[in-house]
Amino acid sequence: MATKKVEDKKKKVVTAKKKEKVVEAVVEEEKVICEECGKKYLASLNECPKCGYSASDAKKKKTFYDDDEFEEYDDEDEDYVPKKEVKKEVKKEKVETKKKEEPKKEVKVEKKKKKEEKNVNKKVSIDNKKSMLSDDSNEIFNFIKILVVIVLLVGIVWVVASIFNKEEVKEDAKDNEQEQVATIQNDKILASSIFNKKDKTYYVFAYDASEENKKAEKYGALFTEYDSFSDKDKVVMFWVDLSDPLNKDVVAETKKDENKKPSKYENLSIYGPALIRIKNGKLDKYYDSDDAIEKIEKLIKSYRDKAKEEAEKK
């Protein structure tokens, strides 16, 4: 009896456990997982008590997407956890975005490198240009220096040459003056010998040769030029210095006192300048003041033209 009671108790426990399992299975089968929040709720409830998500919303959601993206599943066999799938998709997207961002970063790095290379090339080109400009400016500066040195050397040479030329000209002028003085002194005579020269025909040019007389140089130049011609037919000319004290007896104080027809030394009265022509010891022609100068200039011109003709014939 005792064994029967034990067996009955065991059977009751087994049946009770089976009932509990059946109830639990029924309860598990009646529960549904919310696709929004993931909480389990009874299928008898049309919507999730936590977030209010319903099966109708799930149907709408399913129709919004293509059927190929979702796999068919049974509510009784498998539990659908939408949160985990969403997370995976986000991760995938993040991985894809990372993959996309990586080449972008590489492109940016390459662009930066290219920009840096361009900047470096620009700097190098600018430095090269500056160096070229500096070289050109240095060459121009050196060329200008050389030109300045050459100009200075030429100027120094020219100054030295001009100094030597001036000295030579002065020496030549001194020589000419000495020659002129020598010729003038050789042809200079006293008034007392105007009628006593040995030549048959000759001229006597009488003028004041003192420094006070402003035209003395001009008269002296005319006499030396006339005397320089070496023509055989030229008439010899002598000159008398009226400023010489030895000739003061023949100097007239005024133009009225001048004697234009003297026959001998005692009759001479010259105001000057005067050109006297003597022929065979007697007065042939007498030219006073401006007439005397014009006559000498005409004589010089005639001898000059004659010299040119002879030079052209040669």
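Welcome to the tour: a search of the whole structure, which is a predicted model, finds eight aromatic pairs.

**Stop 1: Phe-205 and Tyr-207.** Select these two residues and show their side chains. Phe-205 and Tyr-207 make a tilted aromatic pair, with 4.8 Å from centre to centre and 40 degrees between the planes. Are they buried or exposed? Phe-205 is buried, with a relative accessibility of 0%, and Tyr-207 is buried too, at 2%.

**Stop 2: Tyr-226 and Tyr-303.** Move your selection to these two tyrosines. Their ring centres are 5.7 Å apart and their planes meet at 70 degrees, so this pair is edge-to-face; planes over 60 degrees apart count that way. Now colour the helices: Tyr-226 belongs to helix H4 (residues 216-228) and Tyr-303 to helix H5 (residues 289-313), so the pair ties together parts that are 77 residues apart in sequence. Tyr-226 and Tyr-303 are both buried.

**Stop 3: the ring cluster.** Return to Phe-205 and Tyr-207, and add Tyr-219, Phe-223 and Trp-239 to the selection. Ring pairs link these five residues, Phe-205, Tyr-207, Tyr-219, Phe-223 and Trp-239, into a cluster.

**Stop 4: a patch of lysines.** Finally, switch on the surface and select Lys-111, Lys-112, Lys-114, Lys-115 and Lys-118. Together, these lysines form a positive surface patch. Where does Lys-112 lie? Look in helix H3, which covers residues 82-187. Lys-112 has a relative accessible area of 58%, so this residue counts as exposed, the cut-off being over 50%.

Note on methods
Residues numbered from 1 in each chain as written. Predicted model: local features only at pLDDT ≥ 70, side-chain atom pairs only at ≥ 80, totals over all residues. Heavy atoms only, no water. Patch = residues over 30% accessible without salt bridge, like charges linked within 9 Å, V, L, I, M, F, W, Y side chains within 5 Å. Areas by Shrake-Rupley, 256 points an atom, 1.4 Å probe, with all protein chains shown as cover. Salt bridge = Lys/Arg side-chain N within 4 Å of Asp/Glu carboxyl O. Lys, Arg positive; Asp, Glu negative; His and termini not counted. Charge placed at Lys NZ, Arg CZ, Asp CG, Glu CD. Helix = DSSP H or I, 4+ residues; strand = E, 2+ residues; numbered from the N terminus. Buried < 20%, exposed > 50% of the residue type's maximum accessible area, 1.4 Å probe, protein only. Phe/Tyr/Trp six-rings, centres within 6.5 Å; stacked < 30°, edge-to-face > 60°.
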